[in-house]
Amino acid sequence: MAKKRKLSGLSALELQSAYNSLLKLKRNIVHEESDEDPNESAPEGFERQVDKTLSLLGSKLEGPKSYSITMENLTKLNITFTAFLYLKPNPEERIAATTSLGQNELWSSANLYRHLHLLESLIPRTTETSGRAWIEAFFFRASAMLPPNKRMVLNMEHVVQATTASPSSLSSLSGFVDYTAVVASQCDAAIFMKTPQLHVLKRYMPSGFFVVEAQVFNISDHVPQAVCEMYACGTLLEKNVLRGALTNGHDWIFLLIELNDDYDGASYKQSDVIQLETTKRLDGSLEIHRPWPDLIAAILSHWIENGFAELGSDDWFGVHESTAV
């Protein structure tokens, strides 16, 4: 599930070297503490921090690359595609109602458009990293649309510690997801801000949880990777329904995964690509077509808040039963 990717500018070789050095440091700490006066041991919490860093580095080193996750891998995990999600017709009235949400916040609908205009003229969209500027803009807007009693916590490159792929499998899934968004009460959100690990989320279960996989081009090819990440998170959290998305910031595919009761496999549904459409006018100025930014933000906000829920009558999507396989 994990991707071999640079960490803070480190190459794969440098990452391995850093891991080995940290592991050697941990062994030295254990050895010295066994020989010396207990009162002169390492500062409290230091060894725990070393273990945490080792876990992060190890998860980034061990997993397969993103392109290695294919439909064949999903089949081996007993994960099947069941249906396409379609955007319900005539959403204009509902979109219009969402634009007023958070209108007095920094990330109002109007400011989202201003920011997107800035990004289009400021950052070339040539890498996954550059695409994150658009992804995060939509997350910020979605956070401003939540009810006053709810708060979002946005995690970037969230570590997913090794978990058994399924009860009938000897293999495990480990690594990290590009983004997780948590929606919870103000009190619980403060806990997640301080300790965002998944085992803490499982203990203080939030009302919403959302997984996003970021890619650059041909995002449809990476659906298996995103589904695999969602499956790993759902298994760890012991949740049967999880919502997520695959995106490069402009193109969005929304995903709904339903884990089997015994967590031995799952099924998933996916939407068509919803695009942020832009064109250049004859005078060279940029036009961002409405209402697509507001639609993407509204879907994102609703799906984050209802991250553990099956599709309901108030959802943005319906299911094309005729396409189910």
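How many salt bridges does the count come to in this protein? The count comes to eight, where a salt bridge is a side-chain nitrogen of Lys or Arg within 4 Å of a carboxyl oxygen of Asp or Glu. Some notes on these and other features follow.

1. Ground rules. This is a predicted model, in which local features need pLDDT of at least 70 and side-chain atom pairs count only at pLDDT 80 or more, while totals for chains, interfaces and linings use all residues. Residues are numbered from 1 along each chain as its sequence is written, and side-chain values use heavy atoms, with hydrogens and water left out.

2. Overall make-up. The protein has ten helices and eleven strands; helices (H or I, at least four residues) and strands (E, at least two) are DSSP runs numbered from the N terminus. Of its 325 residues, 46% are buried. Here buried means under 20% relative accessible area, exposed means over 50%, and partly exposed is in between (1.4 Å probe, protein chains only).

3. Surface and contacts. About 16100 Å² is exposed, with carbon and sulfur atoms supplying 52% of it; the areas come from the Shrake-Rupley method with a 1.4 Å probe, and for residues only the protein chains shown count as cover. Take the contacts (heavy atoms within 4.5 Å) between residues at least 6 apart in sequence: 71% of them join residues at least 24 apart.

4. W107. You will find this tryptophan in the loop between helix 4 (92-99) and helix 5 (109-122). Is W107 buried or exposed? W107 counts as buried because its relative accessibility is 19%. Leaving aside neighbours within four places in sequence, its contacts are G102, L112, H115, A137, F140, R141 and A144. With R141, the C-alpha to C-alpha distance is 5.0 Å, although the two are 34 residues apart in sequence.

5. V200. This valine belongs to helix 8 (residues 198-203). V200 has 10% relative accessibility, so it counts as buried. Beyond its neighbours within four places in sequence, V200 is in contact with I191, F192 and T195. Its C-alpha atom is separated by 9.6 Å from that of L237, 37 residues apart along the chain.

6. Two pairs within helices. Side chains of opposite charge can pair when their charged atoms come close. K76 and E72 meet in a salt bridge at 3.9 Å, N to O. They are separated by about one helical turn because they are four residues apart in helix 3 (residues 71-76). K76 is exposed, at 64% relative accessible area, and E72 also counts as exposed, at 52%. In the second pair, R132 forms a salt bridge with E128, with the closest N and O atoms 3.2 Å apart. R132 and E128 are four residues apart in helix 6 (residues 128-144), so about one helical turn separates them. Both R132 and E128 are buried.

7. A long-range pair and a network. K150 forms a salt bridge with E305, the closest N and O atoms being 3.7 Å apart. This pair links distant parts of the chain, with K150 in strand 2 (residues 150-164) and E305 in helix 10 (residues 292-305), 155 residues apart. K150 is partly exposed, with a relative accessible area of 23%, and E305 is partly exposed at 22%. Elsewhere, E128, R132, E157 and D178 are joined into one network by salt bridges that share partners.
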